[in-house]
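Visitor: I am new to this structure and should be grateful for a close look at a single part of it, followed outward to whatever surrounds it. Please explain each term as it arises.

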Amino acid sequence: MQRVVILGGGTSGWMAANLLRRHLDAHRFDITLVESPDIGTIGVGEGSTPHLKVFFDELNIPESQWMAACNATYKNGISFVNWTSHLESNRYFHPFPSFTDRQTAAAFLTHCHLKFKGIDAPTNPDQYFLSSYLSQHHLSPKVAPGKTGAPLNYAYHFDSTLLGKYLQNIACKEGVTHISNKVQDVAQHPDGRIASLLFEDGGVVNGDWFVDASGFRSQLMQQTLQVGFESFSDNLINDSAIALASHDISPISSETTATALNNGWAWRIPLTNRVGNGYVFSRAHCDFTQAEAELRAHIGDDASGEDARHIHMKVGQVQEHWHKNTIALGLSQGFIEPLEATALHLVLETLISFIANFKQGECVDADRKAFNQHMSRRYQGIRDYIVCHYKINTRSDTPYWQEVKRSVPISDNLRAVIDAWDAGQDITPTLQAQEMDKYYPAVSWYCLLAGYGRFNKQTRAPSAQAKHTLKQVQAYIAQSSAQFMSHATALTHA
Ligand SMILES: Cc1cc2nc3c(=O)[nH]c(=O)nc-3n(C[C@H](O)[C@H](O)[C@H](O)COP(=O)(O)OP(=O)(O)OC[C@H]3O[C@@H](n4cnc5c(N)ncnc54)[C@H](O)[C@@H]3O)c2cc1C
């Protein structure tokens, strides 16, 4: 019997417990999860990508079982508001691209290419994607019973504390041992592998394999094993967040909103019983008191009386995600600010990749190396997409917005994409050559660059053909939307 020990009972620890239990033979692997109620969890992280659906599908847990228990709602995508100052519309929508978008997305890309040539074609992505329409009309991404629409790619919003409890319940029922105790010390074998976790009260838990899901403190990977940390703070300068609930939920929106404020941006995540709000900002530009005042003013009276939580963020990734007999997971392995809600997506990818290695049997150094390289590139790929938001937005009304555009360095990969776009080229080959389309598909990059109106050619008269095509696209989208349930109805079905 081999013993797998997970340190941490936040979302990532309980996701690991469930997925490992599902995939590792119960006769050969014993799984224990250790957490400390004194330390608690981060208590934020309430928006997902479509990968969370993959996770629940892996566990055979239908939406009707988990969504109501976690006050969850559907998410069609993210609206970015007030990130531009030079466009008529200061918002754009980033959809989760779906197969059903293939024709409308093609029209969108063609119109971007026309604009490169100085022809005035409509290029706000909001007009070209079904999920954007669904979101604007408070519709869900779920096809109504009896209708025949093709399923869309979608994600969720959820209460992170309730999700943790839900996953704990399932894991324990499936035989995961749960220990509530604080790890004070860690014992290692002579070769450096972790041997056991030692508790405050003198207790011990031994293991053959360890998952460090201990949050930003990264007790095993960074503290005990002294694995280095590659900071992203040079090009992602936000290092703090404030979280604050509000109550006016009607009608329940089916999108996350990310609104640019003076020193960062605010999220708005609708749940069935409350709205989760937060402000991600840079402490070099404003302190917690100022940021809280700005967030409260942004939300309005609806959050008065609610306590705000102040959170310090460590942005970057560990230099090795798998070291000796330990893998780092969740905040312990790294964090990219939550603008595209990618953290749990990375947790799932880490687990799937680790399990695939593990199931092959004997893991050698080459496996670890390949795994670490894969995860590291994954983090860097997502970082580049997030950095692009800061580099190409057109706000310049505060020192913060001036600094993020002027002095923040960008990777060579991102530079190549922006240069190709500015030169009026189709950016797909550049993304493919650098394997960046593995992290965000080309259409997401087009949404980002066109959404912020980054077109540098003076445009001539509007193209009648492009206008006509857009009309057809919009008629098609409106017609397709009739297949989908209202968000409120879909939540009663879930
Ligand atoms: C401001 C902000 C917004 C975010 N928004 C999103 C989002 O929209 N979408 C998304 O996917 N992610 C988001 N995230 C990330 C998300 O919150 C985390 O990835 C997720 O909650 C998982 O956290 P975790 O389990 O790794 O760590 P934590 O929740 O911090 O859990 C750590 C666990 O380790 C335990 N522990 C630590 N040390 C010890 C010890 N010595 N002994 C015993 N137990 C110990 C703690 O008790 C706890 O159970 C956000 C993060 C931040 C900071």
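Visitor: Let us take N235 as the part to examine. Is N235 buried or exposed, and what is its relative accessible area?

Guide: This is a predicted model, in which local features need pLDDT of at least 70, side-chain atom pairs count only at pLDDT 80 or more, and totals for chains, interfaces and linings use all residues. Residues are numbered from 1 along each chain as its sequence is written, and side-chain values use heavy atoms, leaving out hydrogens and water.

N235 is buried, with a relative accessible area of 10% (buried is under 20%, exposed over 50%, partly exposed in between, with a 1.4 Å probe and protein chains only). N235 sits in the loop between β13 and β14; helices (H or I, at least four residues) and strands (E, at least two) are DSSP runs, numbered from the N terminus. Leaving aside residues up to four places away in sequence, N235 touches R383, V387, V408 and P409, where contact means heavy atoms within 4.5 Å.

Among these partners, R383 and V387 fall within residues 365-392, the span of helix α10. Helix α10 packs in turn with helix α14, which covers residues 442-451. The angle between the two is about 15°, and their axes lie 10 Å apart (axes are lines fitted to C-alpha atoms, for helices over the stretch in contact, with angles from 0 to 180 degrees between N-to-C directions). On the side of α10, the contact is formed by D384, Y385, C388, H389 and I392. These residues meet S444, W445, L448 and L449 in α14.

The strands on either side of N235 lead to further loops. Strand β14, residues 240-246, is followed by a loop that runs to β15, residues 256-261, and P251 lies in that loop. The peptide bond from S250 to P251 is cis, with omega near -15°.

In the other direction, β13 comprises residues 229-231, and the loop between α7 (219-224) and β13 holds Q226. Q226 is not a glycine, yet its phi is positive, at about 60°. Unlike the buried N235, Q226 counts as exposed, at 62% relative accessibility.

The region around Q226 also meets a strand from later in the sequence. H323, in strand β20 (residues 322-323), touches M221, L225 and V227, again not counting residues up to four places away in sequence. H323 itself is buried, with a relative accessible area of 16%.

A further positive phi, of about 65°, belongs to N82, which is likewise not a glycine. N82 is placed in the loop between β4 (77-81) and β5 (91-95). At a relative accessible area of 28%, N82 is partly exposed.

For a final comparison, consider L348 in helix α9, residues 343-359. L348 is buried, with a relative accessible area of 1%. With residues up to four places away in sequence set aside, L348 touches M15, L19, H51, V54 and F55. One of these, M15, is 333 residues away from L348 in sequence, while their C-alpha atoms are 7.8 Å apart in space.

To return to the part requested, N235 is a buried residue in the loop from β13 to β14, with R383, V387, V408 and P409 as its contacts beyond four places in sequence.
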